[in-house]
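Student: Please choose one part of this protein and take me through it closely, together with whatever helps me to place it. I work at the bench, so plain terms with their cut-offs would be welcome.

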Amino acid sequence: MLTIFDKVYPPLLKHIPDAPLVLYAVGDVTLLHQTPSLSVVGTRHPSIEGKNKTKWMLEELIELGWIIISGMAAGIDSHAHYLSLNNNGKTIAVLGGGFKHIYPRHNIPLFNDITKRGLVLSEYPPHLPPQRYHFPERNRIISGLSFGTLVIEAKERSGTLITVDQALEQGREVFAVPGSPFIPQTEGCHKMIQEGAMLVKSPQDIIEEWYEHGHNLSNLQSTNPQSKFSHL
(Lines give C-alpha, C1' and ligand atoms only; values in the text may rest on other atoms or scores of the structure.)
Protein backbone atom coordinates (compact mmCIF):
# COMPACT_ATOMS: atom_id res chain seq x y z
CA MET A 1 0.00 0.00 0.00
CA LEU A 2 1.40 3.38 -1.06
CA THR A 3 0.23 6.76 0.20
CA ILE A 4 0.69 10.08 -1.53
CA PHE A 5 3.27 10.95 1.15
CA ASP A 6 5.53 7.97 0.35
CA LYS A 7 8.71 8.45 -1.68
CA VAL A 8 7.77 5.52 -3.94
CA TYR A 9 4.47 7.20 -4.91
CA PRO A 10 4.63 8.11 -8.64
CA PRO A 11 5.70 11.76 -9.00
CA LEU A 12 3.76 12.36 -12.23
CA LEU A 13 0.53 11.16 -10.60
CA LYS A 14 1.05 13.43 -7.62
CA HIS A 15 0.67 16.42 -9.91
CA ILE A 16 -2.82 15.64 -11.26
CA PRO A 17 -5.79 17.56 -9.77
CA ASP A 18 -7.44 14.55 -8.08
CA ALA A 19 -4.51 12.27 -7.27
CA PRO A 20 -5.50 9.15 -5.29
CA LEU A 21 -4.37 9.36 -1.67
CA VAL A 22 -3.72 5.61 -1.54
CA LEU A 23 -2.59 3.08 -4.14
CA TYR A 24 -2.39 -0.69 -3.78
CA ALA A 25 0.45 -2.27 -5.73
CA VAL A 26 1.64 -5.75 -6.68
CA GLY A 27 4.90 -6.11 -8.59
CA ASP A 28 7.85 -3.87 -9.39
CA VAL A 29 7.12 -0.45 -7.88
CA THR A 30 10.38 0.97 -9.28
CA LEU A 31 8.51 1.25 -12.59
CA LEU A 32 6.63 4.19 -11.07
CA HIS A 33 9.83 6.26 -11.33
CA GLN A 34 10.98 5.21 -14.79
CA THR A 35 10.58 7.14 -18.03
CA PRO A 36 9.51 7.42 -20.77
CA SER A 37 6.04 6.00 -20.22
CA LEU A 38 3.01 5.92 -22.50
CA SER A 39 -0.62 5.16 -21.73
CA VAL A 40 -2.32 3.03 -24.39
CA VAL A 41 -6.10 2.78 -24.57
CA GLY A 42 -8.74 1.67 -27.02
CA THR A 43 -11.90 -0.22 -27.73
CA ARG A 44 -12.74 -3.56 -26.16
CA HIS A 45 -13.81 -4.72 -29.62
CA PRO A 46 -10.98 -3.77 -32.00
CA SER A 47 -11.17 -4.16 -35.74
CA ILE A 48 -9.14 -6.77 -37.61
CA GLU A 49 -6.45 -4.12 -38.02
CA GLY A 50 -6.57 -3.09 -34.35
CA LYS A 51 -3.97 -5.55 -33.11
CA ASN A 52 -1.73 -4.82 -36.09
CA LYS A 53 -1.91 -1.09 -35.32
CA THR A 54 -1.03 -1.74 -31.70
CA LYS A 55 1.96 -3.86 -32.66
CA TRP A 56 3.15 -1.31 -35.23
CA MET A 57 2.94 1.59 -32.78
CA LEU A 58 4.36 -0.11 -29.68
CA GLU A 59 7.04 -2.65 -30.57
CA GLU A 60 9.74 -0.07 -31.27
CA LEU A 61 8.85 1.91 -28.13
CA ILE A 62 9.02 -1.26 -26.02
CA GLU A 63 12.41 -2.09 -27.51
CA LEU A 64 13.62 1.40 -26.57
CA GLY A 65 12.57 0.88 -22.94
CA TRP A 66 9.25 2.73 -22.78
CA ILE A 67 6.89 1.70 -19.97
CA ILE A 68 3.47 0.78 -21.42
CA ILE A 69 0.49 1.62 -19.19
CA SER A 70 -3.08 0.44 -19.72
CA GLY A 71 -6.20 -0.79 -17.92
CA MET A 72 -6.09 -4.58 -18.52
CA ALA A 73 -9.52 -4.45 -20.17
CA ALA A 74 -10.42 -6.74 -23.04
CA GLY A 75 -9.31 -5.66 -26.51
CA ILE A 76 -6.63 -3.02 -27.07
CA ASP A 77 -5.65 -2.75 -23.38
CA SER A 78 -4.88 -6.44 -23.02
CA HIS A 79 -3.05 -6.57 -26.33
CA ALA A 80 -0.80 -3.68 -25.26
CA HIS A 81 0.12 -5.54 -22.06
CA TYR A 82 0.78 -8.79 -23.92
CA LEU A 83 2.99 -6.99 -26.45
CA SER A 84 5.11 -5.60 -23.63
CA LEU A 85 5.49 -8.94 -21.89
CA ASN A 86 6.16 -10.88 -25.09
CA ASN A 87 8.86 -8.40 -26.11
CA ASN A 88 10.59 -8.41 -22.71
CA GLY A 89 9.29 -4.93 -21.94
CA LYS A 90 7.76 -3.45 -18.81
CA THR A 91 4.08 -2.70 -18.35
CA ILE A 92 1.77 -1.26 -15.69
CA ALA A 93 -1.90 -2.25 -15.40
CA VAL A 94 -4.38 -0.05 -13.53
CA LEU A 95 -7.47 -1.92 -12.35
CA GLY A 96 -11.04 -0.80 -11.68
CA GLY A 97 -11.40 -3.08 -8.64
CA GLY A 98 -9.48 -4.87 -5.93
CA PHE A 99 -6.88 -7.55 -6.59
CA LYS A 100 -9.18 -10.33 -5.35
CA HIS A 101 -11.76 -9.49 -8.03
CA ILE A 102 -9.97 -9.47 -11.40
CA TYR A 103 -12.16 -8.29 -14.27
CA PRO A 104 -12.55 -9.60 -16.88
CA ARG A 105 -11.97 -13.03 -15.36
CA HIS A 106 -10.29 -14.39 -18.47
CA ASN A 107 -7.47 -11.93 -17.77
CA ILE A 108 -6.48 -13.60 -14.50
CA PRO A 109 -3.47 -15.27 -16.20
CA LEU A 110 -2.49 -11.86 -17.63
CA PHE A 111 -2.80 -10.33 -14.15
CA ASN A 112 -0.51 -13.01 -12.74
CA ASP A 113 2.07 -12.45 -15.48
CA ILE A 114 2.09 -8.68 -14.97
CA THR A 115 2.55 -9.02 -11.19
CA LYS A 116 5.68 -11.10 -11.87
CA ARG A 117 7.19 -9.04 -14.68
CA GLY A 118 5.57 -5.63 -14.36
CA LEU A 119 3.28 -3.80 -11.96
CA VAL A 120 -0.44 -3.81 -11.16
CA LEU A 121 -2.08 -0.85 -9.41
CA SER A 122 -5.48 -0.11 -7.96
CA GLU A 123 -6.87 2.62 -5.74
CA TYR A 124 -9.45 0.14 -4.42
CA PRO A 125 -8.77 -2.25 -1.50
CA PRO A 126 -8.15 -5.89 -2.52
CA HIS A 127 -11.54 -7.11 -1.28
CA LEU A 128 -13.57 -4.49 -3.21
CA PRO A 129 -15.18 -5.81 -6.43
CA PRO A 130 -15.26 -3.52 -9.49
CA GLN A 131 -18.23 -1.23 -9.97
CA ARG A 132 -19.30 0.46 -13.18
CA TYR A 133 -18.25 3.91 -11.94
CA HIS A 134 -14.79 2.65 -10.92
CA PHE A 135 -13.60 2.43 -14.51
CA PRO A 136 -14.06 6.12 -15.39
CA GLU A 137 -12.39 6.92 -12.05
CA ARG A 138 -9.34 4.76 -12.70
CA ASN A 139 -8.86 6.33 -16.14
CA ARG A 140 -7.36 9.45 -14.55
CA ILE A 141 -4.63 7.22 -13.07
CA ILE A 142 -3.86 5.61 -16.43
CA SER A 143 -3.37 8.99 -18.09
CA GLY A 144 -1.76 10.58 -15.02
CA LEU A 145 1.07 8.06 -14.87
CA SER A 146 2.43 8.89 -18.31
CA PHE A 147 3.85 11.54 -20.62
CA GLY A 148 0.97 11.00 -23.06
CA THR A 149 -1.99 8.83 -24.02
CA LEU A 150 -2.16 6.91 -27.29
CA VAL A 151 -5.60 5.92 -28.62
CA ILE A 152 -5.35 3.00 -31.04
CA GLU A 153 -9.06 2.65 -31.88
CA ALA A 154 -12.23 4.04 -30.33
CA LYS A 155 -15.83 4.41 -31.35
CA GLU A 156 -17.30 7.89 -31.32
CA ARG A 157 -19.07 7.34 -27.97
CA SER A 158 -16.38 5.11 -26.49
CA GLY A 159 -15.44 5.10 -22.81
CA THR A 160 -11.89 5.54 -24.08
CA LEU A 161 -12.70 9.21 -24.61
CA ILE A 162 -13.00 9.61 -20.82
CA THR A 163 -9.30 8.80 -20.55
CA VAL A 164 -8.58 11.35 -23.27
CA ASP A 165 -10.52 14.02 -21.38
CA GLN A 166 -8.55 13.21 -18.23
CA ALA A 167 -5.25 13.43 -20.10
CA LEU A 168 -6.16 16.85 -21.51
CA GLU A 169 -7.21 18.08 -18.07
CA GLN A 170 -3.84 16.92 -16.73
CA GLY A 171 -1.95 18.73 -19.48
CA ARG A 172 -0.64 15.53 -21.06
CA GLU A 173 -0.17 14.75 -24.74
CA VAL A 174 -2.92 12.93 -26.66
CA PHE A 175 -2.11 10.83 -29.74
CA ALA A 176 -4.59 9.15 -32.08
CA VAL A 177 -4.04 6.55 -34.78
CA PRO A 178 -6.17 7.14 -37.91
CA GLY A 179 -7.83 4.34 -39.86
CA SER A 180 -10.42 3.45 -42.44
CA PRO A 181 -13.47 5.74 -42.48
CA PHE A 182 -15.63 2.69 -43.18
CA ILE A 183 -15.35 1.06 -39.73
CA PRO A 184 -16.85 2.41 -36.47
CA GLN A 185 -13.70 1.67 -34.43
CA THR A 186 -11.92 4.61 -36.05
CA GLU A 187 -14.65 7.23 -35.60
CA GLY A 188 -13.47 8.30 -32.15
CA CYS A 189 -9.86 8.70 -33.28
CA HIS A 190 -10.88 10.79 -36.28
CA LYS A 191 -13.02 13.02 -34.10
CA MET A 192 -10.15 13.51 -31.66
CA ILE A 193 -7.81 14.44 -34.51
CA GLN A 194 -10.35 16.97 -35.78
CA GLU A 195 -10.47 18.47 -32.27
CA GLY A 196 -6.70 18.78 -31.92
CA ALA A 197 -5.23 15.41 -30.93
CA MET A 198 -1.95 14.63 -32.67
CA LEU A 199 -2.28 12.25 -35.60
CA VAL A 200 0.42 9.58 -35.32
CA LYS A 201 1.29 7.26 -38.17
CA SER A 202 4.40 5.68 -36.65
CA PRO A 203 6.16 5.36 -33.27
CA GLN A 204 8.68 7.93 -34.46
CA ASP A 205 5.99 10.61 -34.17
CA ILE A 206 5.63 9.84 -30.45
CA ILE A 207 9.39 9.67 -29.92
CA GLU A 208 9.82 13.11 -31.49
CA GLU A 209 7.14 14.55 -29.20
CA TRP A 210 8.94 13.06 -26.19
CA TYR A 211 12.19 14.73 -27.21
CA GLU A 212 10.37 18.02 -27.75
CA HIS A 213 8.09 18.06 -24.70
CA GLY A 214 8.47 14.95 -22.57
CA HIS A 215 11.78 15.98 -21.02
CA ASN A 216 9.87 18.74 -19.22
CA LEU A 217 8.27 16.00 -17.11
CA SER A 218 11.50 14.15 -16.39
CA ASN A 219 12.45 16.52 -13.58
CA LEU A 220 9.48 15.12 -11.63
CA GLN A 221 10.83 11.59 -11.54
CA SER A 222 14.03 9.62 -11.93
CA THR A 223 14.82 8.13 -15.30
CA ASN A 224 14.90 4.51 -16.35
CA PRO A 225 18.57 3.43 -16.27
CA GLN A 226 17.90 0.87 -19.00
CA SER A 227 16.20 3.31 -21.35
CA LYS A 228 17.98 4.88 -24.29
CA PHE A 229 16.27 8.12 -23.23
CA SER A 230 17.76 8.17 -19.72
CA HIS A 231 19.99 11.15 -20.57
CA LEU A 232 16.98 13.46 -20.89
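Tutor: Happy to. Helices here are DSSP runs of H or I with at least four residues, strands are runs of E with at least two, and both are numbered from the N terminus. You are looking at a predicted model, in which local features need pLDDT of at least 70 and side-chain atom pairs count only at pLDDT 80 or more, while totals for chains, interfaces and linings use all residues. Residues are numbered from 1 along each chain as its sequence is written, and side-chain values use heavy atoms, leaving out hydrogens and water.

Let me set the scene before choosing the part. An unreviewed UniProt entry annotates residues 1-210 as "domain: Smf/DprA SLOG"; its positions are given in the numbering used here, feature names are shortened, and such annotations may be inferred rather than shown by experiment. Over that stretch the chain is 36% helix and 17% strand, with the end C-alpha atoms 31 Å apart. The protein contains eight helices and nine strands. Its radius of gyration is 16 Å, close to the 17 Å that the globule rule gives for 232 residues, so the protein is as compact as a globular protein of that length. That radius is taken over C-alpha atoms, and the rule is 2.2 Å times the number of residues to the power 0.38. Along the principal axes, the C-alpha atoms fill a box of roughly 45 × 40 × 35 Å.

Two further terms will be needed. Buried means under 20% relative accessible area, exposed means over 50%, and partly exposed is in between, using a 1.4 Å probe and protein chains only. A contact means heavy atoms within 4.5 Å. By these cut-offs, 55% of the 232 residues count as buried. Among the contacts with a separation of 6 or more, 73% join residues 24 or more positions apart.

The part I would pick is helix α5, residues 134-144. Nine of its eleven residues are buried, so the helix is largely enclosed by the rest of the structure. The buried ones are His-134, Phe-135, Arg-138, Asn-139, Arg-140, Ile-141, Ile-142, Ser-143 and Gly-144.

What is Gln-166 in contact with, leaving aside its neighbours within four places in sequence? The partners are Pro-136, Asn-139, Arg-140 and Ser-143, and Asn-139, Arg-140 and Ser-143 are among the buried residues of α5. Gln-166 itself belongs to helix α6, residues 160-169, and is buried at a relative accessible area of 15%.

On the approach to α5, the loop from β6 (119-122) holds Gln-131. With 35% relative accessibility, Gln-131 counts as partly exposed. Its C-alpha atom is 7.4 Å from that of Gly-96, although 35 residues separate the two in sequence.

Moving along the chain past α6, you reach a loop between β8 (173-176) and α7 (187-194), where Ile-183 sits. Ile-183 is partly exposed, at 26% relative accessible area. Not counting residues up to four places away, Ile-183 touches Ser-47 and Glu-153. The first of these contacts spans 136 residues of chain, with 7.8 Å between the C-alpha atoms of Ile-183 and Ser-47. In helix α7 itself you find Gly-188, which is buried at 1% relative accessibility. Gly-188 touches Ala-154, Lys-155 and Glu-156, with residues up to four places away again left out.

Finally, some backbone details to look for elsewhere. Most residues other than glycine have a negative phi, and most peptide bonds are trans. The bond from Thr-35 to Pro-36 is cis, with omega near -5 degrees, and Pro-36 lies in the loop between β2 (22-27) and β3 (37-41). Another cis bond joins Tyr-103 and Pro-104, with omega about -5 degrees; Pro-104 is in the loop between β5 (90-94) and α4 (108-117). Met-72, in the loop between β4 (67-70) and α3 (76-86), has a positive phi of about 55 degrees without being a glycine, and it is buried, with 0% relative accessible area. Asn-88 also has a positive phi, of about 60 degrees. Asn-88 lies in the loop between α3 and β5 and is exposed, with a relative accessible area of 70%.
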